[in-house]
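Hi,

Here is the structure I promised to pass on. Have a look at it first, and my notes on what turned up are underneath.

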Amino acid sequence: MGELATEKHVRYILSVEKRKDNFESVVMEHLRINGAYWGLTALDLLGKLDTVDVDEVVSWLMSCLHESGGFGGNVGHDPHILYTLSAVQVLALFDKLDVIDVDKVTNYIVSLQNEDGSFSGDMWGEVDTRFSYIAICCLSILHRLEKIDVEKAVKYILSCKNMDGGFGCTPGGESHAGQIFCCVGALAITGSLDLVDKDLLGWWLCERQVKSGGLNGRPEKLPDVCYSWWVLSSLTMIDRVHWISKEKLIKFIIDCQDTENGGISDRPDDAVDVFHTFFGVAGLSLLEYPGLKPIDPAYALPVDVVNRIFFTK
Amino acid sequence: MESRSGDREGEEEQHRRVPLRERPEWSDVTPLPQNDGPNPVVPIQYTEDFAEVTDYFRAVYVADERSPRALALTDEAIQFNSGNYTVWHFRRLILESLKIDLHSELGFVERMAAGNSKNYQMWHHRRWVAEKLGPEAGNIELEFTKKILSIDAKHYHAWSHRKWVLQSLGGWEDELNYCTELLEEDIFNNSAWSQRYFVITRSPFLGGLKAMRESEVLYTIGAIEAYPENESSWRYLRGLYKGETTSWVNDPQVSSVCLKILRTKSNYLFALSTILDLICSGYQPNEDIRDAIDALKTTDMDKQNSDVDDIGDQKILNMAGSICSILEQVDPIRVNYWIWRKSRLLPST
């Protein structure tokens, strides 16, 4: 088996999208903040966050802050809960949460909770369990979880639980590993994991490992490095990660590296991107791959960052 | 995803895109470039056309210009980047302000979907339009999703939209048949199984899970017999007894289908794990099942348990242990899971 090309991945992340006329760079414009979160968290896990100019990142982030208290995906974009979490996570990485008006950001998120406990992504009302996770994760980082109706939020998430033990985006929605991460993560943060059928869900999740060692997100779908994060973090949160073959998954992720130019792709021999690079590195971190900082499976931030948030002061 | 239709592509080839700065109707607008701030973390090289459209969009957006040309501009901007929330938002504001007939908007979304249908913003927009049009949009929406599902039968967004349509606008009558149709095409389609469960548990016309159980069990057993390696059909079968474990344990149809598959000695992983689950829920396996399981043991497998003349519970416990041993061998990637299952069988001391 090869090894993680750490130095090359660091270089790749730092130089990402310098190629011209690249399709990905065009569609990335509106989710620049998400890109920053993926890239910077991966850098931190690789032990190289200090190569970044903190003040530059923070001042750019703050220029994406909307007067409503939500962050846009880039300067001048409308606020959305998706970008707000990424912004808060990046600030947490740099221990710079004090630069935001916590009450204002809190109010923005609180305003997105609906009567049934669910969350909308923005003022236009798209509802999805992804947004429940984001709201709960974000408020928890800000120490303001009590500002929403947690009980109702949990109840809504449970209404999206399926007979296979998994969760969908809305009640009755097909179980999907990405949604499962969101629901299990939200339940973990709110201390409600006892409401998950861990054995049933754990079995569904470990069935996601296919012969190549990779994980898929639903039955009969192709494996993809991003599920190394979503499936694995869920399994970790419910203490069932040993049910899959760690060695085979590590090999699958390592096989998805571009060993020449750095970066990780969805499957072996595909084009790399910063999204899959983050999820590959994060997955390896959960698998305790040597040389990587450990990552927290619920907050999707390095464990030392999470500890700093909750155990200092 | 499939790319847009051939016709449209040809059309676009013929009409080369005229840059906005060369179009007379835009001569009064000064484009507003993106301010990336100093040395952005994820630097991006914009393509020229994309950058131009975005700059003009920013200008009309900041001026809050809700005009036909601004509407046309959002069309272009979305074609360049269908993931931008702001452009879609602004488009809805314009549609409302200009009181545009939303039937034409359905056509717009369809054109966008032909390019890239895996996009949250587009589906949210579609729902907004359908909600405004009300129940009359029900059938249109079912047809729309059907078209997308005919290209990608596991399309998560299309299924989510379809579920929303059924619950909000109706159209349940044919849905079970539609599921059957899709499962005939691909019996491994987990999305179609999920939809089937959605229909039998939520359709106002079918009387609920209990009323549907008998016929659904028959249907599912047929599917399992055809492809016993299908995870989805097994999970569906279990789901048919949700909250009624006793009925599941006592239904001879369940153990029979397991036995039938065990006897074929191939693709029996789920049949075996189902027997294990049944035993853990109080099922008492008969001689036939016991023989079928014995026949699956390999010679090197620990046979000590079955050699002893155990009685009652101990015998069943030993059989469950043997099942775990077999599964450890035939499903090596999940060996730890089966070892854990076996460890849970040990009587607590």
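Where chain A and chain B meet, 62 residues of chain A and 56 residues of chain B take part in the contact. Keep in mind throughout that this is a predicted model. Together the two chains bury about 5500 Å² between them, and carbon and sulfur atoms give 55% of that area. On the chain B side, three residues supply more than any other three: B:Y156, B:R235 and B:I333, with 14% of the area that chain B buries against chain A.

Now chain B by itself. You'll count 19 helices and zero strands there. Of its 349 residues, 53% are buried. If you take the contacts in chain B with a separation of 6 or more, 66% of them join residues 24 or more positions apart.

One residue to click on in chain B is B:Q195, which sits in helix 10 (residues 190-202). Is B:Q195 buried or exposed? Its relative accessible area is 0%, so B:Q195 counts as buried. Leaving out residues up to four places away in sequence, B:Q195 touches B:W159, B:R162, B:K163, B:L166, B:E175 and B:C179.

Next, a helix pair in chain A. The axes of helix 7 (residues 129-141) and helix 9 (residues 177-189) of chain A come within 8 Å and cross at roughly 35°. The crossing of helix 7 and helix 9 of chain A is left-handed. From helix 7 of chain A, the residues making the contact are A:T129, A:R130, A:Y133, A:I136, A:C137 and A:S140, and helix 9 of chain A brings A:Q179, A:F181, A:C182, A:C183, A:G185, A:A186 and A:I189. Sorted by class, that contact has eight nonpolar, four polar and one charged residues.

With cysteines turning up in that list, you may be wondering about disulfides. How many are there over all chains? The count is zero. A:C169, for instance, is in no disulfide, and its nearest cysteine sulfur, in A:C160, is 7.5 Å away. A:C169 is buried, because its relative accessibility is 6%. Over in chain B, the closest cysteine sulfur to that of B:C280 belongs to B:C324, and at 7.2 Å it is too far for a bond. B:C280 is partly exposed, with a relative accessible area of 46%.

A few more spots in chain A are worth a click.

A:S86 is in helix 5 (residues 81-93) of chain A, and at 5% relative accessibility A:S86 is buried. Apart from residues up to four places away in sequence, A:S86 touches A:I33, A:N34 and A:Y37. A:S86 also lies 8.8 Å from A:C138, C-alpha to C-alpha, with their positions 52 residues apart in sequence.

A:D266 belongs to the loop between helix 12 (246-255) and helix 13 (274-286) of chain A. Loop or not, A:D266 is buried, with a relative accessible area of 15%. Its contacts, leaving aside neighbours within four places in sequence, are A:P223, A:D224, A:V225, A:F252, A:C256 and A:H276.

A:L292 is in the loop between helix 13 and helix 14 of chain A. At 14% relative accessibility, A:L292 counts as buried. A:L292 touches A:L4, A:L45, A:L46, A:V281, A:L284 and A:S285, again not counting residues up to four places away in sequence. A:L292 and A:A282 are 10 residues apart in sequence, and their C-alpha atoms are 8.9 Å apart in space.

Last, some backbone angles. Most residues other than glycine have a negative phi. A:D239 has a positive phi, near 60°. You'll find A:D239 in the loop between helix 11 (226-237) and helix 12 of chain A, and its relative accessible area of 54% makes A:D239 exposed. A:E288 has a positive phi near 60° too. A:E288 is in the loop between helix 13 and helix 14 (303-311) of chain A, and A:E288 is exposed, with a relative accessible area of 61%.

That's my tour. Shout if you want to go through any of it together.

Cheers

Notes: Residues are numbered from 1 along each chain as its sequence is written. Chains are lettered from A and ligands numbered from 1 in the order in which they are written. This is a predicted model: local features need pLDDT of at least 70, side-chain atom pairs count only at pLDDT 80 or more; totals for chains, interfaces and linings use all residues. Side-chain values use heavy atoms; hydrogens and water are left out. Axes are lines fitted to C-alpha atoms, for helices over the stretch in contact, and angles run from 0 to 180 degrees between N-to-C directions. Helices (H or I, at least four residues) and strands (E, at least two) are DSSP runs, numbered from the N terminus. A crossing is left-handed if the near helix is turned anticlockwise from the far one by less than a right angle, and right-handed if clockwise. Contact means heavy atoms within 4.5 Å. Ala, Val, Leu, Ile, Met, Phe, Trp, Tyr, Cys and Pro count as nonpolar, Asp, Glu, Lys and Arg as charged, and the others, Gly among them, as polar. A disulfide is a pair of cysteine sulfur atoms within 2.5 Å. Buried means under 20% relative accessible area, exposed over 50%, partly exposed in between (1.4 Å probe, protein chains only). Buried area is the accessible area (1.4 Å probe) that two parts lose on being put together, summed over both.
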